[in-house]
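The exercises below ask you to read a protein model step by step, with a worked solution after each task. Please look at the sequence and the structure first.

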Amino acid sequence: MSALAKASGALKSVDYEVFGRVQGYTEEEARKLGVVGWVKNTSQGTVTGQVQGPEDKVNAMKSWLSKVGSPSSRIDRTNFSNEKEIPKLDFSGFSTRY
């Protein structure tokens, strides 16, 4: 287990989809918070992805995804799914997928 995981307790993983007028900044916010995973714009106009990291940091990212977003975004709703504890991180950083 990494030092990061030991210091922060349980690791968590969650999938998300954000509905509304959303754009950019997710990768930047994830790196600022210190979580890993990915983000992708969908053809339906939503943003989908996965976030992993220490529980407190994942919870902070969930809050940002559902309440704050980028400066010009309008978040109608955010769906979270597959939330679970994980033994180790599946990603080494946070990336935008195309």
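**Exercise 1. Find which ring lies under the charged end of K62, and which ring face R77 lies over.**

Begin with K62, whose charged end sits over the ring of F80, 5.0 Å from the ring centre. Then turn to R77, which lies over the face of F19 at 3.8 Å from the centre of that ring. Here a charge sits over a ring if NZ of Lys or CZ of Arg is within 6 Å of the ring centre and within 35 degrees of the ring normal. This is a predicted model, in which local features need pLDDT of at least 70 and side-chain atom pairs count only at pLDDT 80 or more, while totals for chains, interfaces and linings use all residues. Residues are numbered from 1 along each chain as its sequence is written, and side-chain values use heavy atoms, with hydrogens and water left out.

**Exercise 2. Work out the order of the elements along the protein chain, and what share of its residues counts as buried.**

First, count the elements: the protein chain has three helices and five strands, where helices (H or I, at least four residues) and strands (E, at least two) are DSSP runs numbered from the N terminus. Next, put them in order, which from the N terminus on is α-β-α-β-β-α-β-β. Finally, of the 98 residues of the protein chain, 38% count as buried, with buried meaning under 20% relative accessible area, exposed over 50% and partly exposed in between (1.4 Å probe, protein chains only).

**Exercise 3. Determine which residues of helix α2 are buried, and why they lie on the same side of the helix.**

Start with the list: in α2, which spans residues 26-33, the buried residues are T26, E29 and A30. These residues lie on the same side of α2 because they cover an arc of only 100° around the axis, the arc being that of the directions from the helix axis to the C-beta atoms. The face turned away from this buried side carries the exposed residues R31 and K32. Then ask what covers the buried residues: the cover includes β1 (11-21), β2 (36-41), α3 (55-68) and β5 (94-97). As a closer look at one of them, E29 has a relative accessible area of 13% and, not counting residues up to four places away in sequence, touches M61 and W64, contact meaning heavy atoms within 4.5 Å. Just after the helix, G34 takes a positive phi of about 85°.

**Exercise 4. Identify which element gives the largest share of the largest nonpolar core.**

A nonpolar core is a set of buried Ala, Val, Leu, Ile, Met, Phe, Trp, Tyr and Cys residues joined through side-chain atoms within 4.5 Å. The largest one has 13 residues, and those with the most contacts inside it are Y16, V35, V51, M61, L65 and F94. Two or more residues come from each of β1, β3 (47-54) and α3, and the largest share, four residues, comes from α3. To follow one residue, take V51, which, leaving aside neighbours within four places in sequence, is in contact with several residues, including Y16, V35, M61, L65 and F94.

**Exercise 5. Locate T96 and decide whether T96 counts as buried, partly exposed or exposed.**

T96 is found in strand β5, and at 30% relative accessibility T96 counts as partly exposed. The C-alpha atoms of T96 and W38 are separated by 5.6 Å, although these residues are 58 residues apart along the chain. Leaving aside neighbours within four places in sequence, T96 is in contact with E27 and V39.
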